[in-house]
Amino acid sequence: MKAVILDVDDHYRVTELDEPSPGPGQVAIRVAYAGIQWGDTMVRDGSFAVPRPFVPGFEASGHIVAVGADVDTRRVGEAVTALTTSGAYAEVVLAPATLTFDIADMPLRTAAGLGWGAPTAYDLINTAAHVRPGESVLIHAAAGSVGTLAVQFARLAGAGRIIGVVGTADRADYAAQFGYDRLLLREEFPAKLGDEKPDVVLDPVGGSTRTAGLAQLAAHGRLVAYGNLATYEPVLADVNDLLMNGTSMLTYNSNLLGQTHPERLADSARRALALVADGTVRMDITTEYALGDLATAVQRLAEGATHGKSILRVA
């Protein structure tokens, strides 16, 4: 089969590999499309140490072609979207059956865009932050795949006002179509908020952005940290200050959740999938790359030159 490997010299190469066979609890999927996500930049740059050569790719859509022990054989032929630990940038990938979801008649191209971002966005709003009707929500990286879904999930949860923060004016124009009430450029946060105090802040950025977000929270507000796009420098908070204002800093790690409680992640993924399938939530795929263009795709993502969701065409 054709596959992309990240080689020992940090370059991507299309090569031929043997097709993998599913083990217990796994399915083998013939991949149509694979989602491109921030984890790809982290693997490429060494933030996630993996043995090289390595077949990257963490989300895929396609059809199940084989199942391992303890998996219902009737799933063979099913059109699915799946969350994987690696290997999605190949013609066949293995995935846990628990994290492989029947998409019915949803187009495979659309399904590839769901990936880890859809359950993450759903959980940030509904599980981690517990957004309540009437609350205000501020979302960093508002034009990204998680941000454009999170704003829609926040609106469904009854959020009263939703503010997005983006890096450029072009990204603000793009994010505006997903229902934000206001958009700020990164350099305008938090000064341009004025007296606004969000009840919830979703922060994948870290560093000074996270510190400012904590300081900006309304009484009883919650900041949910779910990444470190800007820096891995530690953010220090005085628990006594948080206590006096009733504010909290929470974290969300979908990768860890998939390892420790995959059934919980699966439940959120199915809920998100259903909302996209019935048209309640819009999944926007903005760029499609060929298998040999993965290096370009990951570099553009790392540079912040993309918005919405990018996918790789495998089949």
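The following exchange concerns helix packing, buried residues and loop positions in a predicted model.

Biologist: Is helix α3 largely enclosed or largely open in this predicted model, and how many of its residues are buried?
Modeller: Helix α3 covers residues 117-128. Its buried residues include G117, A118, P119 and T120, and also Y122, D123 and A128. Helix α3 is largely enclosed by the rest of the structure, because the buried residues number ten of the twelve.

Biologist: Within α3, is T120 buried or exposed, and at what relative accessibility?
Modeller: T120 is found in helix α3. Beyond its sequence neighbours up to four places away, T120 touches V146, Y226, Y252 and S254. The cut-off for a buried residue is under 20% relative accessible area. T120 therefore counts as buried, with a relative accessibility of 7%.

Biologist: With which side chain does the side chain of T120 make a polar contact?
Modeller: S254 is among the residues that T120 touches, together with V146, Y226 and Y252. The polar contact joins two side chains at 3.3 Å, and the partner of T120 is S254.

Biologist: How are the axes of α3 and helix α9 oriented relative to each other?
Modeller: Helix α9 comprises residues 262-277, and its axis comes within 8 Å of that of α3. The two axes cross at roughly 100°. Angles of 65 to 115 degrees fall in one class, so the orientation of α3 to α9 is roughly perpendicular.

Biologist: Which residues of α3 meet α9, and how many residues of that contact are nonpolar?
Modeller: On the α9 side, the contact involves L265, S268, A269, R271, A272 and L275. On the α3 side, the residues are A118, P119, Y122 and D123. By class, one residue of the contact is polar, two are charged and the nonpolar ones number seven.

Biologist: Which residues have the most contacts inside the largest nonpolar core?
Modeller: The largest nonpolar core has 87 residues. One of its members, F153, is in contact with A118, A121, Y122 and I125, among others, when neighbours within four places in sequence are left aside; its further contacts include A272, L275 and V281. Another core lies apart, with 13 residues that include V165, L184, L193 and A225. Within the largest core, the residues with the most contacts are F153 and L202.

Biologist: What is the arrangement of helix α1 relative to helix α10?
Modeller: Helix α1 spans residues 38-45 and helix α10 spans residues 294-302. Their axes come within 9 Å and cross at roughly 100°. That crossing makes the arrangement of α1 to α10 roughly perpendicular.

Biologist: How many charged residues take part in the contact of α1 with α10?
Modeller: In α1, the participating residues are W38, D40, T41 and R44; in α10 they are V298, Q299, L301 and A302. The contact has four nonpolar residues and two polar ones, and the charged residues number two.

Biologist: What do the buried residues of α1 pack against?
Modeller: Helix α1 is mostly covered, with six of its eight residues buried. These are G39, D40, T41, M42, V43 and R44. They pack against β1 (2-6), β2, β3 and α10.

Biologist: At the start of α1, which residue has a side-chain oxygen that reaches the backbone nitrogen of G39?
Modeller: G39 belongs to the buried residues of α1. A side-chain oxygen comes to within 2.8 Å of its backbone nitrogen, and this oxygen belongs to Q37.

Biologist: Which elements cover the buried residues of α6?
Modeller: Helix α6 (residues 207-216) has seven of its ten residues buried and is mostly covered. The buried residues are G207, T209, R210, A212, G213, L214 and Q216. The covering elements include β8 (136-140), β11 (200-203), β12 (222-225), α7 (239-245) and β13 (248-251).

Biologist: Which residues does P190 contact, leaving aside its neighbours within four places in sequence?
Modeller: P190 is placed in the loop between β10 (182-185) and β11. At 28% relative accessibility, this residue counts as partly exposed. Its C-alpha atom is 9.7 Å from that of V165, which is 25 residues away in sequence. The contacts of P190 are A212 and Q216.

How values were computed. Residues are numbered from 1 along each chain as its sequence is written. This is a predicted model: local features need pLDDT of at least 70, side-chain atom pairs count only at pLDDT 80 or more; totals for chains, interfaces and linings use all residues. Side-chain values use heavy atoms; hydrogens and water are left out. Helices (H or I, at least four residues) and strands (E, at least two) are DSSP runs, numbered from the N terminus. Buried means under 20% relative accessible area, exposed over 50%, partly exposed in between (1.4 Å probe, protein chains only). A polar contact is a pair of N or O atoms within 3.5 Å; within protein, one must be able to donate a hydrogen and the other to accept it, and residues adjacent in sequence count only if both atoms are side-chain atoms. Contact means heavy atoms within 4.5 Å. Axes are lines fitted to C-alpha atoms, for helices over the stretch in contact, and angles run from 0 to 180 degrees between N-to-C directions. Angles under 35 degrees count as roughly parallel, over 145 as roughly antiparallel, 65 to 115 as roughly perpendicular and the rest as oblique. Ala, Val, Leu, Ile, Met, Phe, Trp, Tyr, Cys and Pro count as nonpolar, Asp, Glu, Lys and Arg as charged, and the others, Gly among them, as polar. A nonpolar core is a set of buried Ala, Val, Leu, Ile, Met, Phe, Trp, Tyr and Cys residues joined through side-chain atoms within 4.5 Å.
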